[in-house]
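Open the model in your viewer, switch to a cartoon view and keep the sequence panel handy. The stops below go from the whole chain down to single side chains and back out again.

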Amino acid sequence: MQKLKSINWSGFLSILKCCLIGIVVTLIGIVFFAIVLKFADLNSTVITAVNNIIKALAIFFMVFFLKKSGNGKLIVKALVAGLIYAVLSFLIFSIMNGGFVFNLSILYDLLFALIVSVIAA
């Protein structure tokens, strides 16, 4: 029983704080893009590509602040942060959309977040 490690709450809280920064950057980017969409008629493939670019930039900001906040094991922290970011963004945007839709795009978003977070780390 003595060999069990205690949970490093300060590390987890710094990861969670960086994920929230990523979510805020995503929300700001989506709002600005919605303003652009109000004045321009864009194809759905362009909208999807721009949304992915916004997510990637938010993940880069998230990993940047994660690197500044802690030391060591950046790739592991980035993977955990990418996972939490994907789950939080799914929850927030599902609530904003008015309902939860479970399909294959959730898996794609999760893999996208994980891959971009490792690249950013």
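Helices here are DSSP runs of H or I with at least four residues, strands are E runs of at least two, and both are numbered from the N terminus. With that rule, the protein chain has four helices and zero strands. Keep in mind that this is a predicted model.

**The whole chain**

Colour from the N terminus on and you'll read the elements as α-α-α-α. The C-alpha trace spans about 60 × 30 × 20 Å along its principal axes. Now colour by burial: of the 121 residues in the protein chain, 24% are buried. Turn on the surface and you're looking at about 8300 Å² exposed, with carbon and sulfur atoms supplying 73% of it. If you draw contacts with a separation of 6 or more, residues 24 or more positions apart account for 74% of them.

**Helix 1**

Select residues 9-39, which is helix 1. Put a distance between its end C-alpha atoms: they are 46 Å apart, which agrees with the 45 Å that 31 residues should span at 1.5 Å a residue. Next, show its buried residues: Gly11, Ser14, Ile15, Cys18, Cys19, Gly22, Ile23, Thr26, Gly29 and Phe33. What covers them? Bring up the neighbours and you'll find that the cover includes helix 2 and helix 3.

Many of those numbers step by three or four, so a reminder may help while you rotate the view. An α-helix has 3.6 residues a turn, so residues three or four places apart point the same way.

Before leaving, click Phe32, also in helix 1. At 54% relative accessibility, Phe32 counts as exposed. Drag a line from Phe32 to Ile84: the two are 24 Å apart, C-alpha to C-alpha, and 52 residues apart in sequence.

**Helix 3 and its lysine**

Jump to residues 74-97, helix 3. Its 24 residues should span 34 Å at 1.5 Å a residue, and the end C-alpha atoms sit 33 Å apart, which agrees. The buried set here is Lys77, Ala78, Ala81, Gly82, Ile84, Tyr85, Ala86, Ser89 and Ser94. Helix 1, helix 2 (44-69) and helix 4 (104-120) are included in what covers these residues.

Zoom in on Lys77. Which side chain of opposite charge is nearest to Lys77, and how far away is it? It's Asp109, 26 Å away; Lys77 is buried yet has no salt bridge. A salt bridge needs a side-chain nitrogen of Lys or Arg within 4 Å of a carboxyl oxygen of Asp or Glu. Show what Lys77 does touch: leaving out residues up to four places away in sequence, the list is Ile15, Leu66, Gly70, Asn71 and Gly72. Ile15 should look familiar from the buried residues of helix 1.

Now compare with Lys67, in helix 2. Lys67 has a relative accessible area of 57%, so it is exposed. Lys67 and Lys77 are 9.0 Å apart, C-alpha to C-alpha, with their positions 10 residues apart in sequence.

Slide along helix 3 to Ser94. Is Ser94 buried or exposed? With a relative accessible area of 7%, Ser94 is buried. Its contacts, again not counting residues up to four places away in sequence, are Gly99 and Phe100. Just after helix 3, stop at Gly98, which takes a positive phi of about 100°.

**The salt bridge**

Select Asp109 and Lys55 together. Their side chains meet in a salt bridge, 3.2 Å from N to O. Asp109 lies in helix 4 and Lys55 in helix 2, so the pair ties together parts that are 54 residues apart in sequence. How many salt bridges does the count come to? The count is one. Both partners count as partly exposed: Asp109 at 32% relative accessibility and Lys55 at 21%.

**Last stop: the nonpolar patch**

Put the surface back and select Phe60, Leu104, Leu107, Tyr108, Leu111, Ile115 and Ile119. Together they make a nonpolar surface patch of about 710 Å². Helix 4 provides the largest share of the patch, six residues. Ile115 is a handy place to park the view, as a patch residue placed in helix 4.

Notes: Residues are numbered from 1 along each chain as its sequence is written. This is a predicted model: local features need pLDDT of at least 70, side-chain atom pairs count only at pLDDT 80 or more; totals for chains, interfaces and linings use all residues. Side-chain values use heavy atoms; hydrogens and water are left out. Buried means under 20% relative accessible area, exposed over 50%, partly exposed in between (1.4 Å probe, protein chains only). Lys and Arg count as positive and Asp and Glu as negative; His and the chain ends are not counted. Contact means heavy atoms within 4.5 Å. The expected span of a helix is 1.5 Å times one less than its number of residues. Accessible areas come from the Shrake-Rupley method with a 1.4 Å probe; for residues, only the protein chains shown count as cover. Patches are made of residues with over 30% relative accessible area and no salt bridge: like charges are joined within 9 Å, nonpolar side chains (Val, Leu, Ile, Met, Phe, Trp, Tyr) within 5 Å.
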